[in-house]
Amino acid sequence: AERVDNLFPAEPPGGASTKPRPSVASSHAARHALDTVFSDVGALKARVHECVHHIPSESQPGPSGLRAEHIKLAWNAHPDFGENFTKLVAATIAGETAGDVVSQSVLSLIPKPGGGSRPIGVGEILRRIAGRIAVSLVTERERLSFEADSQYILSSHGTAIACRRVAHYASPSVKMWTLQLDIENAFNTLRRSAVLQCAPQHDALEPLIATLYGTPSPLYIPKL
């Protein structure tokens with residue numbers, strides 16, 4: 001009950017405390033994690049290039065309108081663009097580039113198979129690429145330690161593990177209650193401090209998590 005109350009507070013939005021901008025120490029730790037995995041700028045540049053090309057061309061852009069196709073064209077047209085954009089991604093992971101340029105999103109309506117639309121906040125492509133690379137810095141051993149602490153966000157088999165645990169606790173041989181919740185519009189009701197508290201603790205992730213959830217993020221609603 002206490003955990004549910006922490007995630008879905010009765011107080012109005014804005015009442016919870018938020019985490020400040022990433023600290024210098026956490027930025028340095030994230031930089032060190034990048035340098036450990038990617039031995040030089042060229043290796044990181046190749047990884048950024050790979051992430052850009054994995055984003056479908058038809059993907060919705062964030063508020064700036066920047067798409068993967070724009071980055072691909074600039075990458076091929078200007079010799080220095082790839083290196084400079086890679087530096088921007090690294091600065092975002094380290095929390096040195098933060099604020100609205102990373103955390104802002106735009107409301108997009110995605111058609112449902114049975115009719116109607118589902119509103120989804122689409123973030124900037126810079127955040128998407130930085131997030132993919134930051135998550136890739138977490139080793140398999142560290143992912144297993146997250147699973148041991150019931151942190152399934154970065155687990156390759158997190159959904160299956162969670163389902164097995166629920167099935168175990170719901171079995172007749174285990175004398176425990178299982179509460180099933182139908183959470184509607186959870187995106188709008190989650191408390192940011194609860195997300196920060198439950199987020200995996202890792203040097204490569206802390207600055208970006210603080211950027212995205214430490215302060216309110218602007219959501220732009222287009223005129224329909």
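Colleague: What makes up the accessible surface of the protein chain, and how is the area obtained?
Modeller: The total is about 14,300 Å², and 57% of that belongs to carbon and sulfur atoms. Accessible areas come from the Shrake-Rupley method with a 1.4 Å probe; for residues, only the protein chains shown count as cover. The model is predicted: local features need pLDDT of at least 70, side-chain atom pairs count only at pLDDT 80 or more, and totals for chains, interfaces and linings use all residues. Side-chain values use heavy atoms, without hydrogens and water, and numbering runs from 1 along each chain as its sequence is written.

Colleague: Why is helix α12 called mostly covered?
Modeller: Buried means under 20% relative accessible area (exposed is over 50%, partly exposed in between; 1.4 Å probe, protein chains only). In α12, residues 206-213, 6 of 8 residues meet that cut-off, so the helix counts as mostly covered. They are Pro207, Leu208, Ile209, Ala210, Thr211 and Leu212. Across the 224 residues of the protein chain, 34% count as buried.

Colleague: Which helices do the buried residues of α12 pack against?
Modeller: They pack against α2 (24-37), α5 (81-93), α6 (100-103), α7 (125-136) and α11 (192-198). Contact means heavy atoms within 4.5 Å.

Colleague: How do you know that β1 and β2 pair?
Modeller: Pairing requires that DSSP finds at least two bridges between two strands. Strand β1 (residues 105-111) has 7 bridges to β2, so the two pair; they run antiparallel. One bridge joins serine 108 to isoleucine 120 in β2.

Colleague: What makes β2 and β3 edge strands?
Modeller: Each pairs on one side only: β2 is 117-123, β3 is 219-220. The order in the open sheet is β2-β1-β3, with mixed pairing.

Methods
Helix = DSSP H or I, 4+ residues; strand = E, 2+ residues; numbered from the N terminus.
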